[in-house]
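Reader: I'm new to this, so could you walk me through one helix and tell me what the words mean?

Author: Sure, let's have a look.

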Amino acid sequence: MYEVPLKNMSKKHHFPFKLGCTSYVYPADIVPNVRLLAPVFDDIELVLFESSDYSNMPDPLVIAELAELSKQYNITYTVHFPIDRKAGSEDPRERFFFTQQAISVIELTEQLGPFGYILHLEGIRFPYEVSEVGPWKQRVDSVCADLARYADPKKFCVETLGYDAMLNIPLVNRHSFSHCIDIGHLWIYKQPWQEICTALLPQTRVIHFHGLHEGKDHKSLIHHDKEELKLFINTVLRNYSKVVTIELFSQDETFSSVELLKALWEK
């Protein structure tokens, strides 16, 4: 059985924000991960998949067990909608299937009272033509309107992806949604992250935190430029009180990132 290093037990409630991780830190299913991680973290991102080849959608027994672990360890959950379909696809059938899939996830996880739902509005990405932006906005605006009927709108957290993050602001405002700042995405796409964070932070409910290494994101923070990490911590995280998810998918990368975050925070 996997073990959580004892030195990491002090991370729970250590920061003014809720420190989170993914449900796939260990090579095991969701429940074993949550059992190991709930004593350490304040929030766990349930990373859900559903495709013709693979699905990890929890059944009612798993949901009941996750709800019990939430009470036992005083944790919350964020739920990441599946990303096998694009909310901003030019194909109306794909947008329909995305919406129906997201609604089914909302209904499935309602018992958990999720802190937020992580929403990708994919459909354009760098490089794109200016002429593509208007049609994309219309497509995702319709999807957002449909979803808003099924849960508290502020729980829908629109993630910064591979397009200008400022494009999310009108959508978030129109539907009373929230932002999910994925700082690793802003870094890898070389977006002006300080300007973006200043603009988005007041309505940000979740931050995804991971580093870059050899041109790839979702890597341990230990590989990332330390001065940039310190600048982000001091200008963004010190002014934030909601969920910060270390969005990594292995034990070593997750806990090395948490240890570095704690060290930089205390300096």
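Reader: Which residues of helix 2 are called buried?

Author: I63, L66, A67, L69 and S70. Buried means under 20% relative accessible area, while exposed means over 50% and partly exposed lies in between (1.4 Å probe, protein chains only). By the way, this is a predicted model, where local features need pLDDT of at least 70, side-chain atom pairs count only at pLDDT 80 or more, and totals for chains, interfaces and linings use all residues. Residues are numbered from 1 along each chain as its sequence is written, and side-chain values use heavy atoms, leaving out hydrogens and water.

Reader: What puts those buried residues on the same side of helix 2?

Author: They cover an arc of only 160° around the axis, so they sit on the same side of helix 2. The arc is taken from the directions from the helix axis to the C-beta atoms. On the other side, L61 and K71 are exposed.

Reader: What covers the buried residues of helix 2?

Author: The cover includes helix 1 (30-37), strand 2 (43-47), strand 3 (76-80) and helix 3 (92-109).

Reader: Why is helix 1 called roughly parallel to helix 2?

Author: Their axes cross at roughly 5° and come within 10 Å. Angles under 35 degrees count as roughly parallel, so helix 1 is roughly parallel to helix 2. I30, V31, V34 and R35 of helix 1 make the contact (heavy atoms within 4.5 Å) with V62, E65, L66 and L69 of helix 2.

How values were computed: Helices (H or I, at least four residues) and strands (E, at least two) are DSSP runs, numbered from the N terminus. Axes are lines fitted to C-alpha atoms, for helices over the stretch in contact, and angles run from 0 to 180 degrees between N-to-C directions. Angles under 35 degrees count as roughly parallel, over 145 as roughly antiparallel, 65 to 115 as roughly perpendicular and the rest as oblique.
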